[in-house]
Structures are given as structure tokens and as C-alpha cells.
Amino acid sequence: MSDADGRAQGRRGFADLLLDLRVQAGLSQEELAERAGLSVRTIRELEAGRVARPRKDSVRLLSEGLGLRDGDAGRFLAAAGHAAVRPVIAMADPAPTGLRWRGTRPIPDGLVGREPELLELEQLLRQNRLVTLVGPGGVGKTELALAAADRFSGAETTVVVVDLTTVQRDAAVSSAILDAFGTAPGTSDLDDLLSGRKPGDLVIVEDNAEHVLDGVATVANRMVRSFPGVGVLVTSRIPLGLPDEVVRRVQVLGVPENDRDLEVIAASPAVEMFCRRAARVRPDFKLTPENATTVARLCQRLDGLPLALELAAARAGSLTVETILAALDDRFRLLSGPRRFGAPHQRTLADTIAWSVDALSDPARQLLYRASMLGSPFTLDAVVGVCTGVPIDAADVPMLLAELVDKSLLQPVLEFEQLYGARYKMLETIREHAYAGLSSQGDDLTEFRDRTVAWCSKYVEGLDGAWSSPDRDRRYRAANANSATFEVALERAAELGRWDTAAQIVLGFRIAWQYQASVAQSGIRWASESAENVEDKETSGRLLAIAGRLSSLTGDVRAARRYYGDARNLVPPESEMGLMARGGWVSSGSLLLDTLSLAEIPTLVADARRHGDVQRSATVQAICGLALARWGRLPEAKELLLAWEAALANPGVYPDEIAYMALSRVELELGDLEEARRWAELARDSQASDDPERTKVAGCLAMVEFQAGKYDRARALLDEADADIRGHRGYFDYLVMLYRSRLARQAGDLEQARLSVRDAVNRLLLEGRVVYLLDVLPEAVAVLHALGQGEEADRLCGQLLAWQQTMDPPMLPTAWAVLQDSCDGAQPAAGWPEPDPAESVRRLADDVLAALS
């Protein structure tokens, strides 16, 4: 190498080192010049490598301005040629201090709740040449990309971060990448920088690419096709659309499932991020039992969107969390700052959303505006039925929805897609922006709300006869997928005082609400409000019967009993809805230990059998059979349930896993384990394996296997059922907890047994299903004995023995056997029978909870 070549290499090595040290320090050329007391021109010339031998005084001033200490300062001087020491921090050497990183570095505490995504991205970067992170503005794509590149990079990896926010033309993308490398304008070609790289040697992060997508796509395609040592990680609101591209959508942070459980709230990534950011402006801020509910609701209202959480937390220095939550009705005013960093279009929440919306075509923008009033989630059918009209053609709706998804303004709802079909959701922050856009367009908001009422009224007409059709599940689930849109229609009908229309919609939609307990509360509200406002008494009664059915589904047995009781007095008793109301009244009454319910069963069964609808007749007999099974009338219950099973031979009558499970339970209590297993397997076969809301039949099978002595199999089945129980309230969920306790007690895990049986008692008390407490209380006594609380166990055992001798219904055989095994020395308590059976059982349950606490 000639002397000239050596000098050129030396200049370039010092220039690279100076640039990287400045970027690592987070300084602009102007800021470093001010710190060092040098001119900006001097800094620019040094970084461009145009100075053959920098003056020693200048290098020392730069070292001080960069904050270098001791050995680092000496090595910096050596790199400039002012010492004989080999410059060991030259760019060709491993740089554990981060000197190979060019551009923005990740914030040390910038990510919360992203560990699974980081692990996946690290693997993707090792296996793929081009990865694009897409998502709505403010979701945290940049920080995730920087952290992923940091985790992926090693000592031999150079990471170059290209901020594209200031790039205005597609043709300027290559120049922006060259600038990020630190090259002087016109001195290098991109191909020269990329050539000769080994795999894993270079990762280029192209941040905020959506507005120069063609330019980024063109350059990225050339890089991954021509330079095998280069990896490219892009952040954008829109995918590049390249064949080699791997796309990952960045989701919002998880919000708490409820706002009551402190442990659940604290585990939420959204809550963790809000609390961390709030503590930066208010050091004493932390999550407490007192503020947990408010923080949870705040994070839920903000959809777990990181930018919104960050901006809201910035207000915690001057506002209480309660005030911030209350002000979210005008979130764009509240969350307008004071963010001083980041891309210009991400410094306020309004700017972030407007950046994406303004880039849409007029039809896509109008579709976004109109869809904002449909509720969330919504379906393609609802969009076509309500949102079309100039400039939106119905045939273009699928394409426009795909555009909004690609641009991260809508998210497809993939959960339970096979059951409920294609659905879309809109983040509340985006929905507010779009709703304001629709509201600003004259009478458009009123027009499209009225069109929603008309569409829903027509939709429910198409559900007539669905109950007896072979594809009833598909039709009702498709309707259920539009629950949010029906909510909008009912709100508008109520606002206009059109209660007959509201009643028509509720009556037509009633079965669809039953498919998800999570939306059934809406049905209860609208059924009861419509019942209060319609003039026709029979219609009012039919609506109240619907409210009763939905209340039963959600576990509110007392409310179900009340609604059913009122409906019985308004609807003709032998009509279809009259039979439904009477059956519901019998069922809820049996749960509450009301003997009047049993007295109505013979007449109700006779009326059902005379009814012309075989499906309704079979359903009523199954309801009455289940009520009798709860009451311990096992042979009578079996007779009615078998009558239901025999009706399945008729067209239009379809299996119901609950009735099969009831037959399995009856046979289990009668001691025929093989028949019990057969019915449980039929229940399993009749229910969709991914049904999201109903209790899985695995719990039913687990009881059979436990009684057969197959404990490992029973435990595996209980594990399968447990996740389902956490999401809703169902018919036999308490039995899963009960048998969890029995298995744990048998294995010697008394703490697990205590927790399981306590949870079962708590749940039944909360829901009012008093009759099932008679199954659980004997197990609680056995657990107390095992825990060494013999005196308390014997006292409760005496009360239960007295119940068995004097009260109705008796304990079922499996529960009675547990009590007998654990209470050899106990004597029946005095003072029985008691006048109020339900109150007596509730008192015993309270005593059990106190003893198990």
C-alpha cells in the first residue's frame, strides 16, 4: 500500500470513528461543535474524511466534547495519528461499546410486554433477508425494530438506522441510506457499501417507510436480491408488497381483562407501560389497590396503544389518573403533547392518525368514516349493507377494506374466524378520528345511523326459521358477529322512540345473543328496555322471556327468575314463547331451591307435548329433566331427558351438548359409568371443539373418569376444561373446580384442594345457583378434615346430616358418599328442618368460606 493509500485509510477510519461516537452520544454536528468550541464546518470536514491529519488540540477538544475518559481519550488521539498506540477502537474491530451502530439507538427502557415479539423477530432476521413490521401509528414499531436489531446484532454486525420521515421523494431513499452510513454527499455509491458483506454482517433498519413506499421497495428488493450479506428490517403502516418480504403486524399492548382483580391488572403490559412512564414525571406514582381500577379503565379506553399511553402518562405530573380518564372523551385535545422527540407526525395523537388517514383515497377514507359508526367489530355484510353509496360501490368494498387493513387503520379479527366469519375492528383512537370526520360532513352521520336501523330490521327477518334449519349454528353465529352493529341500531331506534322497531330487532336477534355470554348483557339491556316501552303486553312478555334466558346464560339466576316470572303473566302459556318462559321459570327456580318450580313440571311437560313444534317440545322436556336431576329425582329426570333424545329422530331437532351432559350426570349418579361415558362422548361430539363460550364437555368426561378411578386421565381433562371456565359462566363449571379439589385432596395437595373448593363455593354463591352447593359442601367438609380442622368440619357435617334427613332436595349419591366417608363421628345437628331451604344452604356456604379462609 502506498503512503497516500495509508493516509486515506487513516482519514477514513478516524472519520468513521468520530461520526459513530457523536451519534452514540446523541449529538448533532452543531451540538458537538458548541461543546468542543470548534466550528460546524470543521466537524463536517473531519467526518467527511477530508482532513489529512487533524490538529492535536482539535482532537482533544473533540474528546472532551464527546465526554471520553482515560484510555478511550488516548485511543481517540491515537486514531487521529497523534500517538504510537494502535487505535484499538477502529471500526474494523469488535465494538462492544456500540460503535458499529449508526443512527438512533433503542431506549434502554423503551419496550414493555414485547418479549415474545422480540424472540420471533430475532429468529426471523436470522432466517429471512427482508422483514417488515406494520401496524397503526403509535403502536411502537420503531422501538420494537430497534430492540430487535440490537438483540440480533453481534460484535461483527453493523446496524444502520435510516429515519425516512424527512425524505420526501422515492428517488431520495438511496441518498438517505448513504447519509445514514455517514458518507459525504457524492463520495460513495450504495453498491460499494453493500458489496462483500458476509451474512449477518450488516442490518439496515428503514424506519417510517409508508410515504415513500415505492422507493423503499425498489431499494430493498435490490439489496436482498444482489447482496446476500445484508438484512433489511422495515417499519411501515403498509407492507412493501415484495415476494421476499416477511410481514409481521405489531399489535397493541394487552389491556386488563377486568378492572377489579389487582393481580390481573398488574400483569397487563399496557398498565406496566403507563405506570413506568407516569413514574418518570411523578416519581411517587405506582399501581395501588386504590387506583388500579382507574388505571385499568384508562388503559382499556386507550386500546393499549403505546403512543396514547405515553402521552397520557406525561399528564400524570399535573393531573390525577381520575382526571385523565374523565378527559378522554376529548382525547385528541388531552393527548396533544408534550412529546418533543420522534417523527413530526407522531408528536401528538391527532397528527399520528391524520398522517395515515390523509394518505387514503377518497373512497377508502369515506369507508373508514362510515364504518366508524358500525361499532366494533363489524362484518363485511354490515359494511355493504350500510356504508355503500357515492363514492363507494358495493363491489369495491372488499378491496377497500383490504386497503384499510394494509394501511393499519383496521385490524382483522382472527379469533374464532371459522365460527364467526370475517370481522374487522377499529382501535378506539382511530374510530374517534373517523367518527369526527363523518360528523363533519353535514347530515351523513344521521343518514348512516338510520340506514343501520333499516339494515338490522331487514337482517332479522332473514333469521325466521333459523332455529329449525340444518345450518342454524352458522346463521346465528353470523348474526352474532354483527352484535356491535345491532347495538348501534338499537341505540338509534331508542333515540327516535321507535320501540316497536327495537322490539322487532331484539326478538329476531334473541338466539344470536346466546352464542356469546360476553355480549349477552347487551341483549338483557335491550330486551328489558324494549319491554318497558312497547305498548303490546304480549310483546313485552316475550321480550322479558328473552331477558330471562340471557340472564341465565350470564349466571344471574335471580334476575332470570324475576324476568321469567313477569313473562309468564304476560304471554299465553301454551304459545312457543310462553313455554319458554315457563321452562325458564322452572329451571331458575330449581337452582334457587324453590319448590313451586317442581309443582309446575307435570303441567308444563303435558303442554309441551301437545305443542306442534317438536323442537320446542323436546327442549322444554330437557329443561324439566335437568331441573329434576338437580332435585335428585333421577329416574324421572332420566325419563324426560331420554324423551328429548328420542325427539332427535325428527327433522329440525338437533343435538344439544347440555342435555347430553345432563344424561351423563344422571347415569353417573345412578352408578352406570359406561352409560355416563357414552353420553359424555356424545356431548363432546355434538359441540364444536373451538366453541368459545360454552363450558367444554371435558369437565363432564373428567367426572366419569374420576369415578372410574382413572385419575391421570381425569386430571388431563380438567386441565383442558379449565381455560374455558376462566372466560365465562357455564352450566357445569363448578364441577370442574369440585373435581379439581377431589383430585388434589387425594394427591395430598391440600392447599390446591382448599383453593379449588373455596372457588366453587364462591362462584355458586355469586351466581345464586344454590342447589349445586349441596354437591360442593360435603367436599369442603372433607378438605377441612384433611387440613386438621376437625371441630369445624364435624360441626358443618352435623348440619349437612340434618339436611339429608329432613330437607328436600337430598344430596346426590356422589356428594353423600363423600360426606359419609369424612364424618364418621359426627351427629345430626338439632333444630332441623328449617323454614327457608335456600337461606339455610347459603348460611352453611358462608360458614364454609369462613373456615376455608
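A search of the whole structure turns up three cavities of 30 Å³ or more. A cavity here is a set of points, on a 1 Å grid over the protein atoms alone, where a 1.4 Å probe fits but cannot get out. A volume is the space filled by probe spheres set on the points, with grid points joined across faces, edges and corners.

Before looking inside, please note that this is a predicted model, in which local features need pLDDT of at least 70 and side-chain atom pairs count only at pLDDT 80 or more, while totals for chains, interfaces and linings use all residues. Residues are numbered from 1 along each chain as its sequence is written, and side-chain values use heavy atoms, with hydrogens and water left out.

**The largest cavity**

The largest cavity has a volume of about 120 Å³. Its lining is made of 14 residues, and Ala629, Arg630, Arg665, Tyr772 and Leu812 lie nearest its centre; a lining residue has an atom within 4 Å of a point. Which helix gives the largest share of this lining? That is H34, with four residues. Helix H32 (614–630) and helix H34 (657–670) each supply at least two residues. Helices (H or I, at least four residues) and strands (E, at least two) are DSSP runs, numbered from the N terminus. By character, the lining has ten nonpolar residues, no polar ones and four charged ones. In this count Ala, Val, Leu, Ile, Met, Phe, Trp, Tyr, Cys and Pro are nonpolar, Asp, Glu, Lys and Arg are charged, and the others, Gly among them, are polar.

**Two sheets**

Now let us turn to the strands. Two strands pair if DSSP finds at least two bridges between them. Six strands form an open sheet with parallel pairing, in the order S1-S3-S4-S5-S2-S6. Its edge strands, S1 (101–102) and S6 (245–249), each pair on one side only. Strand S2 (residues 130–134) runs parallel to strand S5 (residues 230–236), and five bridges link them; Leu133, for example, has Thr235 in S5 as its bridge partner. Helix H10 (residues 213–226) packs on this sheet and touches S2, strand S4 (202–207) and S5. The direction of H10 makes about 160° with that of S5; axes are lines fitted to C-alpha atoms, for helices over the stretch in contact, and angles run from 0 to 180 degrees between N-to-C directions. Contact means heavy atoms within 4.5 Å.

Another open sheet has three strands in the order S7-S9-S8, with antiparallel pairing. Strand S7 (378–379) and strand S8 (411–412) each have a single partner strand, so one side of each is left without a neighbour in the sheet. S7 pairs with strand S9 (residues 423–425) over two bridges, and Thr379 stands opposite Arg423 in S9.

**Unusual backbone spots**

Most residues other than glycine have a negative phi, and most peptide bonds are trans. These two bonds are cis:

| Cis peptide bond | Omega | Place of the proline |
|---|---|---|
| Asp808 to Pro809 | near 5° | loop between helix H41 (790–806) and helix H42 (813–822) |
| Trp832 to Pro833 | about 0° | loop between H42 and helix H43 (837–852) |

Ser408 is not a glycine, yet its phi is positive, about 65°. Ser408 sits in the loop between helix H20 (397–406) and S8.

**Confidence**

The protein chain has a mean pLDDT of 86, and 90% of its residues reach 70 or more; pLDDT is the predictor's confidence in each residue, from 0 to 100. Over residues 84–99 the pLDDT is below 50.

Key: 1 Å grid on protein atoms, 1.4 Å probe; cavity = no way out; pocket = protein on both sides within 12 Å on 5 of 7 lines; lining within 4 Å.
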